[in-house]
Amino acid sequence: MNLPELPALAEPGLAARVQHAIDHKTKPLGALGRVEALALQLALIQGVDKPALRQPQLVVYAADHGLSRRGVSAYPREVTPQMVANMLAGGAAVSVLARQQGLALTIADCGVDAPLAEGAVDLRIAAGTADSSAGPAMTIEQAERALRNGMALVERLPGNALLLGEMGIGNTSSASLLMARLTGLPLADCVGRGTGLDDAGVARKLAVLGDALAANVAARTPLQIAAALGGFEILTMAGSVIAAAASCRVVVVDGFITTAAVALAEALRPGVLAACVFAHRSAEGPHARWLQQLAARPLLDLDLRLGEGSGAALAWPLLTAACALLTEMASFESAGVSNRE
Ligand SMILES: Cc1cc2ncn([C@H]3O[C@H](COP(=O)(O)O)[C@@H](O)[C@H]3O)c2cc1C
Ligand SMILES: O=C(O)c1cccnc1
């Protein structure tokens, strides 16, 4: 399938120029720590000396999973449409945080097992994926459609920042399967408690996910792996990540499931990671390892394990602060402050 090209790397002088500007702000050299690296990254993503964030969009990609009928989650499948309704009514954590942070909130139904909720964007592929422990979660045609839906959604959205969120009971399972296949790590290192499974629950989840890997050994390419193990929300999100990177937008990655979408996007279109800011390290066990593997350093570590885009929303003020500091702080020269010897 046709995926957009990523923008050429920023002109060679830009990184040096922005670093020079940061180093001449009125502060001890390096004293704003990782906020300085964040400011530089935002400048490089936008290809400008003075980055500015406009009309940030938080999108919650929602879908159901065939695996959720196999006892892999602590909560029932019905929670997906119920939480979509809660998000639209303004009562979910992500609704509160989006409101509080001034983020436009879109709920994209990528394949929830219930009629389309009023106010949700219709990107439905089917009423949930098939059970991947018995064969592919979806067809290649469905996978391509989900990727295209995600790209088209971003192309319609204003602004230059995409914050990733998701909702789908069972989707930590799909993310774990993708992690195992994309990283090559043993499955046991890729599985966590999700919504709060106890030890017996995790053992059951691991057994079901082992069946899913066995049932899908034939999948080889990133697209085949995505179709075999993915969820509709994860593939739609991956399409959005590719389109966002292609249009010089910053992508704010939330927790374990959104990391799966980004890793998949990177496998499909290498280079998209440069556009990604990792908001936080989730309490979902394997997330730390996957971040390491992607050489990603998350901004926050708050023991969050919610998803929805909650961590992305909480990290958002750091991005706006990084831009403001880079564009508004005085330099030693302009403020008449003596620089180090
Ligand atoms: C009430 C409720 C609200 C949520 N909001 C996000 N999730 C999170 O939990 C789910 C993934 O965990 P698992 O794979 O164990 O099902 C996803 O929907 C994720 O967004 C929620 C889960 C629940 C129960
Ligand atoms: O890290 C996440 O995004 C996460 C972890 C557990 C449950 N839901 C989401």
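Let's start at ligand 2, whose shell comprises three nonpolar, seven polar and three charged residues (Ala, Val, Leu, Ile, Met, Phe, Trp, Tyr, Cys and Pro count as nonpolar, Asp, Glu, Lys and Arg as charged, and the others, Gly among them, as polar). Of the 13 residues around this ligand, Gly255, Phe256, Ser282, Glu284 and Gly307 come nearest; a residue is near a molecule if its C-beta atom, placed from the backbone, lies within 6 Å of it.

Please keep in mind that this is a predicted model, in which local features need pLDDT of at least 70, side-chain atom pairs count only at pLDDT 80 or more, and totals for chains, interfaces and linings use all residues. Residues are numbered from 1 along each chain as its sequence is written, while chains are lettered from A and ligands numbered from 1 in the order in which they are written. The mean pLDDT (the predictor's confidence in each residue, from 0 to 100) of the protein chain is 98.

Turning to ligand 1, 18 residues surround it, and Ser73, Thr172, Gly194, Thr195 and Gly307 come nearest. The largest share of that shell, three residues, is supplied by α6; helices (H or I, at least four residues) and strands (E, at least two) are DSSP runs, numbered from the N terminus.

Helix α6 also leads us to α7, since the buried residues of α7 pack against α6 (171-183) and α8 (222-229), contact meaning C-beta atoms, placed from the backbone, within 7 Å. Those buried residues are Lys205, Leu209 and Ala212 (buried means 20 or more other C-beta atoms within 10 Å of the residue's own, exposed 12 or fewer, partly exposed in between, with C-beta atoms placed from the backbone). On the other side of α7, Asp199, Ala200, Ala203 and Ala214 are exposed.

Definitions and conventions
Contact = placed C-beta atoms within 7 Å.
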